[in-house]
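Got the viewer open? Load the model below, keep your selection tool handy, and follow along stop by stop.

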Amino acid sequence: MPRKLKAKWERCRRMNEDGVCLSYSGLSSRNKPKFDRYSDLRQDAFNSYILSIYNIRVSQSGTYYCSVKTALLTKRTYDYIHVFVYEVPTIDPLSTTPDTVRMEGAPVQLNCKASGNPTPVVLWRKSGGSTLPGGNPKIRNTTLNLASCDQETKGIYMCVASNKYGTAVHTITLDCLGAPKIEPAPSIMYQKAGYQAKLSCTIFSSPEVTRVWWRKNGEDIPGDSQRYSVSEMKAALGRVITKLHLKDGVQNSDYESVYSCHVLNPLGYSQANITINESSIPKAVGGKLMPVSTSAGVVFSLHDWLLQLLLLVEYMLV
């Protein structure tokens, strides 16, 4: 090895299609911030020239050349190394859609900006296994467009960014404001006269409901009386379930009546009707047959008792 060597590290700035470097840039730590400095350590004990890169970043990926020239050589000899800096995916919260509230019927655009090396793939999913627009379980794009904000589209969306080195997940809650919606369950029910019945309505409302009540043939039903009781309970996904219990049993006049549940919130009002049809077989309420007693005892025929016994046995075997 000659006594005096001139060695330097350079980085390829521009490369042609054949992989030949067309221009180089020298590496210097002068006038650069500490996190972007290079340190060129001259000959060590093994006659090696070592390039150290501090706090390496994705932008410092590339091809690095080490060239050596001695006093006896007119040309430089060189070797090179390819440096790939990988980066696990991250999602930029400032450029990604936060939790969002829209009016019902308005279009919605959700954005997810992710970075990483290699560039991560961005997928959208909806919590709970619900499908996305087009019936797809997932959509590959940095933007998710929803034609309308409604009960079907509201919920929790997940932006999943992944590459071979890792995965990042960001969740966006979409809420839709509007008048309440009611789903009676069912809108027509069947029960035998003399047996108790429970009418039920499931309410979807955002903002929260301010009032819930029941009516029979257009007249308000008291919340708690000898014949009726009303209950409410909160369920998942912001739902409210209200039930009307006919404690003294279905009467013949009920078959000619229309029951309705009503709900009000700051943005509107809604109602749903439920009718009771006569049945020759009593239906269970909450898994139990519930005949109505009188002061003279339970008034049912032997046929009714046999039906009740058979239904109870069937219920226990299921």
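Start by selecting Tyr190, which sits in strand 16 (residues 188-191). Keep in mind as you click around that this is a predicted model. Is Tyr190 buried, partly exposed or exposed? Its relative accessible area is 43%, so Tyr190 counts as partly exposed. Now add Ser279 to the selection: the two are 89 residues apart in sequence, yet their C-alpha atoms are 5.5 Å apart in space. Ser279 has company there, since Tyr190 also touches Asn277, Glu278 and Lys283, leaving aside residues up to four places away in sequence.

**Zoom out to the whole chain**

Switch to cartoon and you should see one helix and 25 strands. The chain has 318 residues, and 34% of them count as buried. Among contacts with a separation of 6 or more, 58% are between residues 24 or more positions apart. Put a surface on, and the chain exposes about 19,600 Å², with carbon and sulfur atoms supplying 54% of that.

**Colour by confidence**

The average pLDDT of the chain is 81, and 79% of the residues score at least 70. Which elements mark the two ends of the scale for mean pLDDT? Strand 9 (residues 108-111) has the highest, at 96, while strand 25 (residues 297-298) has the lowest, at 40. Next, select residues 294-302: pLDDT is below 50 here, and the stretch has 10 contacts in the model beyond near neighbours in sequence. Residues 30-36 also stay under 50, with eight contacts beyond four places in sequence. Where pLDDT is low, the predicted coordinates should not be read in detail.

**Two cis bonds and a positive phi**

Go to the peptide bond between Asn117 and Pro118: it is cis, with omega at about 5°. Pro118 lies in the loop between strand 10 (114-117) and strand 11 (121-126). Then jump to Ser206 and Pro207, which are also joined by a cis peptide bond, with omega of about 5°. Look for Pro207 in the loop between strand 17 and strand 18 (211-216).

Carry on to Asn217, in the loop between strand 18 and strand 19 (219-220). Asn217 is not a glycine, but its phi is positive, about 55°. With a relative accessible area of 47%, Asn217 is partly exposed.

**The largest pocket**

Select Lys126, Gln151, Lys154, Gly155 and Leu237: of the 18 residues lining the largest pocket, these are the closest to its centre. The volume of this pocket is about 470 Å³. Which element gives the largest share of the lining? That would be strand 15, with five residues. Strand 14 (155-163) and strand 15 (166-184) are the elements that give two or more residues. Colour the lining by class and you get four nonpolar, seven polar and seven charged residues.

**The second largest pocket**

Last stop: a pocket holding about 260 Å³ of space. Its lining has 15 residues, and the closest to the centre are Ser205, Glu208, Gly238, Arg239 and Val240. To see the elements that give two or more residues, highlight strand 17 (197-206), strand 20 (228-234) and strand 21 (239-246). Strand 17 gives the most, with three residues. By class, the lining of the second largest pocket splits into five nonpolar, four polar and six charged residues.

Terms used
Residues numbered from 1 in each chain as written. Predicted model: local features only at pLDDT ≥ 70, side-chain atom pairs only at ≥ 80, totals over all residues. Heavy atoms only, no water. 1 Å grid on protein atoms, 1.4 Å probe; cavity = no way out; pocket = protein on both sides within 12 Å on 5 of 7 lines; lining within 4 Å. Points joined across faces, edges and corners; volume = space filled by probe spheres on them. Helix = DSSP H or I, 4+ residues; strand = E, 2+ residues; numbered from the N terminus. Nonpolar A, V, L, I, M, F, W, Y, C, P; charged D, E, K, R; others polar. pLDDT = per-residue confidence, 0-100. Contact = heavy atoms within 4.5 Å. Buried < 20%, exposed > 50% of the residue type's maximum accessible area, 1.4 Å probe, protein only. Areas by Shrake-Rupley, 256 points an atom, 1.4 Å probe, with all protein chains shown as cover.
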